[in-house]
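This report concerns a single protein model and is written for a reader who has the coordinates open. Please keep the structure in view while reading.

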Amino acid sequence: MTEVVAALIWDGNRFLICQRPAHKARGLLWEFVGGKVEPGETKEEALIRECREELAVTVSVQGIFMEVTHPYPDLTVHLTLYNAKIESGVPQLLEHQDLRWITAEQIGQYDFCPADETILKALAGGKK
């Protein structure tokens with residue numbers, strides 16, 4: 001099982017989503033910024049590193065929003081999604097194809113990675 005962390009970065013009632021590059025697995029699907037936890041890292045440290053590497057921002061981690069385990073054909077991920085806030089920097093496209101700030105009402109306009117479906121249902125239901 002692969003440990004993965006992701007950030008639910010809020011700006012008022014909007015949250016940040018990122019589009020995967022076309023050449024990667026699940027290319028062009030939308031997701032929350034994040035990635036794999038490296039050996040010796042805590043989940044929170046991994047999340048801060050991933051946000052810095054992928055968006056050039058520093059985030060504060062504000063607690064777990066939800067945990068999901070999802071089997072893909074090539075791997076099974078245990079995803080821990082944290083509420084997070086940008087402390088410094090402006091999101092930049094260092095690894096993603098695109099990024100958007102959306103509201104829960106706009107979720108249906110985007111095709112997300114399958115592991116995010118349970119999370120999206122919770123967001124659409126108004127949990128924050």
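The sections below treat the aromatic rings, two backbone positions and the largest pocket of this predicted model.

**Aromatic rings**

A pair of aromatic rings is described by the distance of the centres and the angle of the planes. There are four aromatic pairs in the structure. In one of them, the ring centres of Trp10 and Phe15 are 5.5 Å apart and their planes meet at 70°, so this pair is edge-to-face, given that an angle over 60 degrees is required for that class. Ring pairs also join Trp10 and Phe15 with Phe32 and Phe112 in a cluster.

Are Trp10 and Phe15 buried or exposed? Trp10 has a relative accessibility of 17% and therefore counts as buried, because the limit for this class is under 20%. Phe15 is likewise buried, its relative accessible area being 1%.

**Positive phi angles in two loops**

Arg26 is not a glycine, yet its phi is positive, at about 60°. Ala56, also a non-glycine residue, has a positive phi of about 60°. The loop that holds Arg26 runs between strand E2 (14-19) and strand E3 (30-31). Ala56 lies in the loop that connects helix H1 (43-55) with strand E5 (58-71).

The accessibility of these two residues and of the two ring residues discussed above is set out in the table.

| Residue | Relative accessibility | Class |
|---|---|---|
| Trp10 | 17% | buried |
| Phe15 | 1% | buried |
| Arg26 | 23% | partly exposed |
| Ala56 | 30% | partly exposed |

Arg26 and Ala56 are classed as partly exposed because their values of 23% and 30% fall between the limits of 20% and 50%.

Where does the charged end of Arg26 sit? The charged end of Arg26 is placed over the ring of Tyr72, at 3.8 Å from the ring centre.

**The largest pocket**

The largest pocket encloses about 620 Å³ of space. Its lining consists of 27 residues, and those nearest the centre are Val4, Arg20, Glu31, Gly34 and Gly35. Which elements each supply at least two residues of this lining? They are strand E1 (2-11), strand E4 (34-36), H1 and strand E6 (76-88). By residue class, the lining comprises 13 nonpolar, three polar and eleven charged residues.

Helix H1 thus appears in two parts of this account: H1 contributes at least two residues to the pocket lining, and helix H1 (43-55) borders the loop that contains Ala56.

Note on methods: Residues are numbered from 1 along each chain as its sequence is written. This is a predicted model: local features need pLDDT of at least 70, side-chain atom pairs count only at pLDDT 80 or more; totals for chains, interfaces and linings use all residues. Side-chain values use heavy atoms; hydrogens and water are left out. Helices (H or I, at least four residues) and strands (E, at least two) are DSSP runs, numbered from the N terminus. Buried means under 20% relative accessible area, exposed over 50%, partly exposed in between (1.4 Å probe, protein chains only). On a 1 Å grid over the protein atoms alone, a cavity is a set of points where a 1.4 Å probe fits but cannot get out, and a pocket is an open set with protein on both sides within 12 Å along at least five of seven lines; lining residues have an atom within 4 Å of a point. Grid points are joined across faces, edges and corners, and a volume is the space filled by probe spheres set on the points. Ala, Val, Leu, Ile, Met, Phe, Trp, Tyr, Cys and Pro count as nonpolar, Asp, Glu, Lys and Arg as charged, and the others, Gly among them, as polar. Rings of Phe, Tyr and Trp (its six-membered ring) pair if their centres lie within 6.5 Å; planes under 30 degrees apart count as stacked, over 60 as edge-to-face and the rest as tilted. A charge sits over a ring if NZ of Lys or CZ of Arg is within 6 Å of the ring centre and within 35 degrees of the ring normal.
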